[in-house]
Amino acid sequence: MPSSKKKQKLQIFDDAGKNLSHLLLYNMLRIRLIEEGIADLYPNQEMRCPVHLCIGQEAIPVGVCSSLESEDIVMGNHRSHGHYLAKGGDLKAMLAEIYGKSTGCSKGVGGSMHLIDLSVNFLGTTPIVASIIPVAVGTAFASWMKNENRVTVIFLGRGATEEGVFAESLNFSALKKLPIVFVSEDNFYSVYSPLSERQPPERDNVAIAKAYGIPGVLGDGNNIQEVYELSRTAIDHARVHKGPYFMEFKTYRWREHCGPYFDNDIGYRDEKEYLQWKERCPIGTFEKKLIESNIIEKQEINQMRQAILQEFEEAVEFAKTSPFPSSENISKNLYKEKDFNLV
């Protein structure tokens, strides 16, 4: 029988005293099953945009977004299905977007890497490395100018920290004390290049942030409780006008850089490394702890799975039966509409 001390340690509460353990597990499991579902269907050639899956990295978007308010803003990069879903994005709208349908969250013209949903303040994703960072700084600057009580969170890969705009964004955010949290997801690779080939081993992004006067922390991106607790500190810091905060989380993607398959056989990483990280699965380890601590039962987890799979099936049917966007609407829903001459 697990000790009461251990059980209490695994209880995660929000400001209202509500136990969040079940919700955190559910949201991670939901992202995992949806991503696996996309991987299963992608080879059918009906999804005609590239997909970058975040299987293995679910604890970061869930842990961070669980600390946000509805009015807070989130932006992401090319691997942002998890960010979108964790912020409350609509699954039907996301799948319709991946299928290129007009009912998609970007009206079927953006695809997997260009998700936007104003209804949940998910203001967009951009696949060009680091390019979304200054846009997020811009939304934080707007909040600062309006004295709004909301935070912007920007998810970026560690490879993006090599770009000059990252340094410029840190500098401007610190100068104006903007309400923004930078979340670097370090999965050790930039496409197929290990970070050891791109960044010196002595590089410390937390120290770089601190050099700009920005507090920062390095965390275990596969530990949902740690991600959640560190995120609460960071977001609370930004919300009370103390300025930006930087977090970097170590994690690992299970699937290939782009696509539904595994790529451990092509030489840039090996099966042993993959299996070591798979044993540290953020969902499996948290699930095991909750069961051992009598916080949840296996039957409840099975019920979660069935509910999620049913939701996914309905969302796929919605996406497949939705219409494609028409050519006359290609200039709609832009920041500034203009006439296009199609050739």
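These points concern the sheet of this predicted model and the helices that pack on it, with most attention to helix H7.

1. The sheet is open and has six strands, ordered S2-S1-S3-S4-S8-S7, with parallel pairing. Its edges are strand S2 (122-125) and strand S7 (216-220); each has a single partner strand, so one side of each lacks a neighbour in the sheet. From one strand to the next the twist averages 15 degrees.

2. Within the sheet, strand S3 (residues 152-157) is joined to strand S4 (residues 180-186) by six bridges in the parallel sense. Ile-154 has Phe-182 of S4 as its bridge partner.

3. Helix H7 (residues 164-176) packs on the sheet, where it touches S3, S4 and strand S8 (245-250). The direction of H7 makes about 150 degrees with that of S4. Helix H9 (residues 224-239) lies across S4, S7 and S8, and runs at about 165 degrees to S8.

4. The 13 residues of H7 span 19 Å from first C-alpha to last, close to the 18 Å expected at 1.5 Å a residue. Just after the helix, Lys-177 has a positive phi of about 55 degrees.

5. Which residues of H7 are buried? They are Phe-166, Ser-169, Leu-170, Ser-173 and Ala-174. Viewed down the axis of H7, these buried residues fall within an arc of 125 degrees, so they line one face of the helix. That set packs against helix H6 (132-146), S3, S4, helix H8 (205-211) and S8. On the face of H7 turned away from its buried side are the exposed residues Glu-168 and Leu-175.

Terms used: Residues are numbered from 1 along each chain as its sequence is written. This is a predicted model: local features need pLDDT of at least 70, side-chain atom pairs count only at pLDDT 80 or more; totals for chains, interfaces and linings use all residues. Side-chain values use heavy atoms; hydrogens and water are left out. Two strands pair if DSSP finds at least two bridges between them. Helices (H or I, at least four residues) and strands (E, at least two) are DSSP runs, numbered from the N terminus. Axes are lines fitted to C-alpha atoms, for helices over the stretch in contact, and angles run from 0 to 180 degrees between N-to-C directions. Contact means heavy atoms within 4.5 Å. The expected span of a helix is 1.5 Å times one less than its number of residues. Buried means under 20% relative accessible area, exposed over 50%, partly exposed in between (1.4 Å probe, protein chains only). The arc is that of the directions from the helix axis to the C-beta atoms.
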